[in-house]
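Okay, everyone, let me put today's structure on the screen. I'll walk you through a few spots, and you can follow along by residue number.

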Amino acid sequence: KKCKVEILGNRSFCIILTEGKKHQIRRMCSALFQEVEDLKRVRIMNIQLSDLAPGGYRAIEGQELEDFLRSLELA
């Protein structure tokens, strides 16, 4: 599917994928530009990852959980 790209600066931009993986972004960038220096996932669906450490986790609850389950048609 198509993705949305927002230019943030001379050396940074934001890509919003509706499907795919981080590897896809690396391949897209190397085909158009150069190697990806740093890549950070900031959100999965409506769940903001904020400052989670690699391998870290946090509880999903309240409105965030309700919205997530509704988007999966489980609630």
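Let's start with Leu32, which is exposed, because its relative accessible area is 64%. Before I go on: this is a predicted model, so please keep that in mind throughout. Leu32 sits in helix H1, which covers residues 22-32.

So who keeps Leu32 company at the surface? Val5, Ile7, Phe13 and Phe33 do: together with Leu32 they make up a nonpolar surface patch, and the five add up to about 560 Å² of accessible area.

Now hop over to the strands. E1 takes in residues 4-9 and E2 takes in residues 12-16, and the two pair up antiparallel, with five bridges between them. If you want a register to hold on to, find Glu6, which stands opposite Cys14 in E2. How many residues are in the hairpin link from E1 to E2? Just look at the turn: two residues make the connection.

Next, charges. There's a positive patch on the surface, where Lys21, Lys22, Arg26 and Arg41 come together. Take Lys22 as an example: that one belongs to helix H1, and Lys22 is partly exposed, at 34% relative accessible area.

Then we have the salt bridges, three of them in the structure. The one I'd like you to look at joins the side chains of Glu37 and Arg11, at 3.2 Å from N to O. Why pick that pair? Well, Glu37 is in the loop between H1 and strand E3 (43-44), while Arg11 is in the loop between E1 and E2, so the contact ties together parts 26 residues apart in sequence. Are these two buried or exposed? Glu37 is exposed, with 70% relative accessible area, and Arg11 counts as exposed too, at 73%.

Another salt bridge links the side chains of Asp67 and Arg70, at 2.8 Å, N to O. Here both partners are in helix H2, residues 62-71, and they're three residues apart, or about one turn of the helix. Asp67 is partly exposed at 29%, and Arg70 is partly exposed at 45%.

That leaves Arg58 and Glu64, whose side chains meet in a salt bridge at 2.8 Å, again N to O. Arg58 is partly exposed, with a relative accessible area of 33%.

Okay, that's my tour. Who wants to go next?

Definitions and conventions. Residues are numbered from 1 along each chain as its sequence is written. This is a predicted model: local features need pLDDT of at least 70, side-chain atom pairs count only at pLDDT 80 or more; totals for chains, interfaces and linings use all residues. Side-chain values use heavy atoms; hydrogens and water are left out. Patches are made of residues with over 30% relative accessible area and no salt bridge: like charges are joined within 9 Å, nonpolar side chains (Val, Leu, Ile, Met, Phe, Trp, Tyr) within 5 Å. Accessible areas come from the Shrake-Rupley method with a 1.4 Å probe; for residues, only the protein chains shown count as cover. A salt bridge is a side-chain nitrogen of Lys or Arg within 4 Å of a carboxyl oxygen of Asp or Glu. Lys and Arg count as positive and Asp and Glu as negative; His and the chain ends are not counted. The place of a charge is taken as NZ of Lys, CZ of Arg, CG of Asp or CD of Glu. Helices (H or I, at least four residues) and strands (E, at least two) are DSSP runs, numbered from the N terminus. Buried means under 20% relative accessible area, exposed over 50%, partly exposed in between (1.4 Å probe, protein chains only). Two strands pair if DSSP finds at least two bridges between them.
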